[in-house]
Amino acid sequence: GHQRKGGAGGVLQGHLRRTTRPREARVSRAFSRMAEEGEVYVSRDPADASIIAGFKLNYMNMRDASAGTILWESPADWSQKFFQTELEAHVPKSILSCREVSREVNFSSVEKMDEFKLLQKVFFQGKCLEEWFFKFGFVMPHSTNQWQSTIEAASEMLPAEILSGNITIETNFF
């Protein structure tokens, strides 16, 4: 799978926001448009609409990367709500004791995508603490894909009591 090493703030209870960014040429314009916290932004560009209509999140999970134990899984109804509303995730605090966390995204796409990417921003009380960029690359049309990324924990992390309820992870697919 694709790997990204970097700091990992703990996520206990928080919100997951997804945005789908338009094609590469329009990223800077769209990026400023997505700045509102709690907003789900989906490109209105007709060329992007067929990609978005044919994209389905089948599931997401997070594991202790060394043991392979699943610590959190997305609820079954997330695929229907994915581009419609902000989704809330309750991740067990045991994730904070992991040296590395593996995030798995399983998705299907009707359309071909040449450079599928994901940008995650971790917000603590509304302030962006970390950004992680992941590149999947080429997605075949009419395919189901499994994308696993490993995130290494930071050497110093805030205590679980402070993080719980104060973390938002914004996830941008483009």
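The dialogue below works through a predicted model and asks how its descriptive words are earned.

Student: What should I keep in mind about how this model is treated?

Tutor: Residues are numbered from 1 along each chain as its sequence is written, and side-chain values use heavy atoms, with hydrogens and water left out. Since the model is predicted, local features need pLDDT of at least 70 and side-chain atom pairs count only at pLDDT 80 or more, while totals for chains, interfaces and linings use all residues.

Student: What makes up the secondary structure of the chain?

Tutor: The chain has 4 helices and 9 strands, where helices (H or I, at least four residues) and strands (E, at least two) are DSSP runs numbered from the N terminus. From that terminus on, the elements follow the order β-α-α-β-β-α-β-β-β-β-β-α-β.

Student: Why is Glu104 called buried?

Tutor: A residue is buried under 20% relative accessible area, exposed over 50%, and partly exposed in between (1.4 Å probe, protein chains only). Glu104, which is placed in strand 5 (residues 100-109), has a relative accessible area of 3%, and therefore counts as buried.

Student: How do you know that the side chains of Glu104 and Gln146 make a polar contact?

Tutor: A polar contact is a pair of N or O atoms within 3.5 Å; within protein, one must be able to donate a hydrogen and the other to accept it, and residues adjacent in sequence count only if both atoms are side-chain atoms. The two side chains make such a contact at 3.4 Å, so the distance falls within the 3.5 Å limit.

Student: Is Ser108 buried or exposed, and why?

Tutor: Ser108 also lies in strand 5, and because its relative accessible area is 17%, Ser108 is buried. Its side chain makes polar contacts of 2.9 Å with the side chain of Asn58 and of 2.9 Å with that of Thr144.

Student: Why is Lys56 called partly exposed?

Tutor: Lys56, in strand 2, has a relative accessible area of 42%, which lies between the two cut-offs, and so Lys56 is partly exposed.

Student: Which residues is Lys56 in contact with, leaving aside its neighbours within four places in sequence?

Tutor: They are Ser79, Asn106, Phe107 and Ser108, where contact means heavy atoms within 4.5 Å. The C-alpha atoms of Lys56 and Phe107 are separated by 5.5 Å, although the two residues are 51 residues apart along the chain.

Student: What makes a set of residues a nonpolar core, and how many residues has the largest one?

Tutor: A nonpolar core is a set of buried Ala, Val, Leu, Ile, Met, Phe, Trp, Tyr and Cys residues joined through side-chain atoms within 4.5 Å. The largest has 32 residues, and those with the most contacts inside it are Trp72, Trp78, Phe107, Phe116 and Trp147. The largest share of this core, 5 residues, comes from strand 6.

Student: What makes Leu129, Leu158 and Ile162 a nonpolar surface patch?

Tutor: Patches are made of residues with over 30% relative accessible area and no salt bridge (a side-chain nitrogen of Lys or Arg within 4 Å of a carboxyl oxygen of Asp or Glu); like charges are joined within 9 Å, and nonpolar side chains (Val, Leu, Ile, Met, Phe, Trp, Tyr) within 5 Å. Leu129, in strand 7 (residues 127-139), is partly exposed at 45% relative accessibility, so Leu129 passes the 30% limit. The three residues make a patch of about 240 Å², with accessible areas taken from the Shrake-Rupley method with a 1.4 Å probe and, for residues, only the protein chains shown counting as cover.
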